[in-house]
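This briefing sets out what can be read from the coordinates of one protein model, grouped by topic for a reader who has the structure open alongside. Please follow each residue in the viewer as it comes up.

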Amino acid sequence: GKSNLMDAISFVFGEKTSHMRVKHATDLIHGSPSGKPVAEVAFVSALCVVGDREVRFRRQITRSGMTYKLNGKTVTAEAYQRQLRQLGIDANGRRSNFLVYQGEVEKIAMKDPDEMTSLLEKISGSSDEIPAYEKSRDELNTAKKLLEDTMDAKKTAYVERRKIGRAVQ
């Protein structure tokens, strides 16, 4: 059911099997946990479409090991993870940016406002923009202060000029 689907999505998007409902990756092969496997391989494929770009992910497990494929080509686990990150996919355990595991909804609902903001920033990717935002905010504050100082100097010069004008008359 739903848990199997969640395991499949987690698996194809690079989740460590230790975060799934199995003890060993080979337990994902149908029948393996009972000691009577009815298959030699378990795999999950996913197609990600971003704009006009398509990336096909496939992760499979056999008794001899794990295989990762991108668009049909076998790649290293690192290259597979790198491609996932480039697409903004983070299926990394309980800090996933799109998977909500059983029991997590209540935990999310109970977060305080700062924690909720942090979570939403992470999910949306806006947390990556915080340094640039803070730099821009600081530059804006510096410009506002400079403008304020300039306006104060202009007012002072205007007042002084009027005093001098009166004194000359």
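Lys163 is partly exposed in this predicted model, its relative accessible area being 49%. This lysine forms a salt bridge with Glu160, in which the closest N and O atoms are 3.9 Å apart, and Glu160, at 38% relative accessibility, is likewise classed as partly exposed. The two residues both belong to helix α5, where a spacing of three residues puts them about one turn of the helix apart.

**Salt bridges**

- Side chains of opposite charge can pair when their charged atoms come close.
- Over the whole structure, a search finds five salt bridges, and the pair Glu160 and Lys163 is one that lies within helix α5.
- In helix α5, which covers residues 130-168, Lys135 and Glu139 are separated by about one helical turn because they are four residues apart, and their side chains meet in a salt bridge with an N to O distance of 3.6 Å.
- Lys135 counts as exposed, with 53% relative accessibility, whereas Glu139 counts as partly exposed at 46%; the cut-off for exposed is over 50%.
- A further salt bridge joins Arg56 to Glu54, with 3.9 Å between the closest N and O atoms.
- Arg56 is partly exposed at a relative accessible area of 45%, and for Glu54 the value is 45%, which again makes that residue partly exposed.

**The sheet and its pairing**

- An open sheet is built from four strands in the order β1-β2-β3-β4, with antiparallel pairing.
- The edges of the sheet are occupied by β1 (41-50) and β4 (73-75), each of which has a single partner strand, so that one side of each is left without a neighbour in the sheet.
- From one strand to the next, the twist averages 25 degrees.
- Strands of a sheet pair through backbone hydrogen bonds, in either the parallel or the antiparallel sense.
- Between β1 and β2 (residues 53-62), which run antiparallel, there are 10 bridges, and within this pairing Val49 has Glu54 of β2 as its bridge partner.
- The two residues between β1 and β2 complete a hairpin, and Gly51 in the turn has a positive phi of about 65 degrees.
- Six bridges connect β2 and β3 in the antiparallel sense, with Gln60 standing opposite Thr67 in β3.
- β2 and β3 also form a hairpin, again with two residues between the strands.

**Helix packing and the nonpolar core**

- Helix α2, residues 77-86, packs on the sheet and touches β2, β3 (65-70) and β4, while its direction makes about 140 degrees with that of β2.
- The largest nonpolar core has 14 residues, among which Phe13, Phe57 and Tyr80 touch the most other members.
- At least two residues of this core come from each of β1, β2, β3 and α2, and the largest share, three residues, is supplied by α2.
- Apart from residues up to four places away in sequence, Tyr80 touches Val12, Gly14, Phe57, Arg58, Arg59, Tyr68, Lys69, Leu70 and Val75.

**Two strand residues and their surroundings**

- Which strand holds Arg59? Arg59 is found in β2, and at 4% relative accessibility this arginine counts as buried, since the cut-off for that class is under 20%.
- Not counting neighbours within four places in sequence, the contacts of Arg59 include Ser10, Phe11, Val12, Gly14 and Glu15, as well as Ala42, Phe43 and Val44.
- Also among the contacts of Arg59 are Met66, Thr67, Tyr68 and Tyr80.
- Ser45 has its place in strand β1 and is partly exposed, with a relative accessible area of 46%.
- Beyond its neighbours within four places in sequence, Ser45 is in contact with Val12, Phe57 and Arg58.
- What distance separates the C-alpha atoms of Ser45 and Phe13? The separation is 9.2 Å, for two residues that lie 32 residues apart along the chain.

Conventions
Residues numbered from 1 in each chain as written. Predicted model: local features only at pLDDT ≥ 70, side-chain atom pairs only at ≥ 80, totals over all residues. Heavy atoms only, no water. Pairing = 2+ DSSP bridges. Axes fitted to C-alpha atoms, helices over the stretch in contact; angles between N-to-C directions. Contact = heavy atoms within 4.5 Å. Salt bridge = Lys/Arg side-chain N within 4 Å of Asp/Glu carboxyl O. Buried < 20%, exposed > 50% of the residue type's maximum accessible area, 1.4 Å probe, protein only. Core = buried A, V, L, I, M, F, W, Y, C linked by side-chain atoms within 4.5 Å.
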